[in-house]
Amino acid sequence: MTTLTRWYKKQIKNGSLNYDEAQEQLLTELESFINNFLKQNFITRLFNRDHKLGYYIYGDVGRGKSMIMNSMYTFMNTTRKRRLHFHEFMHEIHESLAKLNNIDDPLSTIAKQIKTDYDIIFLDEMHVSDIATAMIMKRLLETLFANKISIITSSNYHPDGLWPDGLMRERFLPAIEILKKWLIVKSLNSQQDYRLFNNSFNNLFIISDKDKKDELNLIFTSINNSNSIDISPVKICNREIPVIKSGEKIIWLNFSTICGNMRSQLDYLELSQKYDWFIISDIFQLKIDHKDIARRFTWLIDILYDNGRKLALSSIVPIKEIYCNGDFANEFERTISRLEEMQTKEYLEKQLTN
């Protein structure tokens, strides 16, 4: 039977991956976790004295966290597992909470419901960016771990770095301590950003070009196979959003419209379910007081990236200069990295996530 570490060595040998000592060490440790996890049944897991129930893997962008989580999920030989992006998971939690508003401890009920289907959940890209999530994290984690639900999660930040300048952060601190209590916190300290190995870029990101509208029109036309064009607003989350134009599987939006006021992750999730291709035009350089716009843009790119959606854009400044200063600048580095990857041939050839 192929093990996680054997699979990794095979990928190195056939050239699919580059050898990385930090990755190999972490995969070896995770393989032991997988073996121990699969040996347990419901009863032994319930009374297991080893209270650690998973891993919190953190490190800079491009170090291989998603690759490791994907491979670990594949080799976790159980049907009682689930993998999704952290934002998607929290979206489901908030939706469930809205339906259980007359229950004293709705998060406990939700955790028990999750336990009926899953023993382990994989949550990619944990980062807390809204007050609603921050305020329920402590109780949510308590109830998940009380039901012996294991969690494997990745993040660009150590748990202590979550929600760093957030409103009422002192109320979020207990959630950090719960993460550190129940999960093994592990740094993936590779020195190489593997996204930089790929330089087969496509001309989908148009920077400071006076003919940008013509170029975006050519992209729109080449992708819009149905040739049907609509300029009327689209209805998302029961609200109308103005568009420049849309086709069967492509939508063209102005940056100020889609990342301005009154937009949320729910808007972006629903849009990603309706369209495969997105054109965002007229991105401008964000100033220090544009933190909210930067956060919405990050939400949008996270959701498009996680669902394999394709993107063309126009900006008056280079990607790395869109947002350089401000409270959200460090987190925005992940957005820059993802935008760079979304231009590559390899990303564009990926299958869409339904």
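**Exercise 1. Locate D105 and classify its exposure.**

Solution. D105 sits in the loop that joins α5 (86–99) to α6 (106–115); helices here are DSSP runs of H or I with at least four residues, strands are E runs of at least two, and both are numbered from the N terminus. The model is predicted: local features need pLDDT of at least 70, side-chain atom pairs count only at pLDDT 80 or more, and totals for chains, interfaces and linings use all residues. Residues are numbered from 1 along each chain as its sequence is written, and side-chain values use heavy atoms, with hydrogens and water left out. Next, apply the accessibility classes: buried is under 20% relative accessible area, exposed is over 50%, and partly exposed lies in between (1.4 Å probe, protein chains only). D105 has 26% relative accessibility and therefore counts as partly exposed. Finally, the C-alpha atoms of D105 and R239 are 31 Å apart, with the two positions 134 residues apart along the chain.

**Exercise 2. Determine which residues of α1 are buried and how they are arranged.**

Solution. In α1 (residues 4–13), the buried residues are L4, T5, Y8 and Q11. Viewed down the axis of α1, these residues fall within an arc of 120 degrees, so they line one face of the helix; the arc is taken over directions from the helix axis to the C-beta atoms. R6, K9, K10 and K13 are exposed on the other side of α1. Just after α1, G15 has a positive phi of about 85 degrees.
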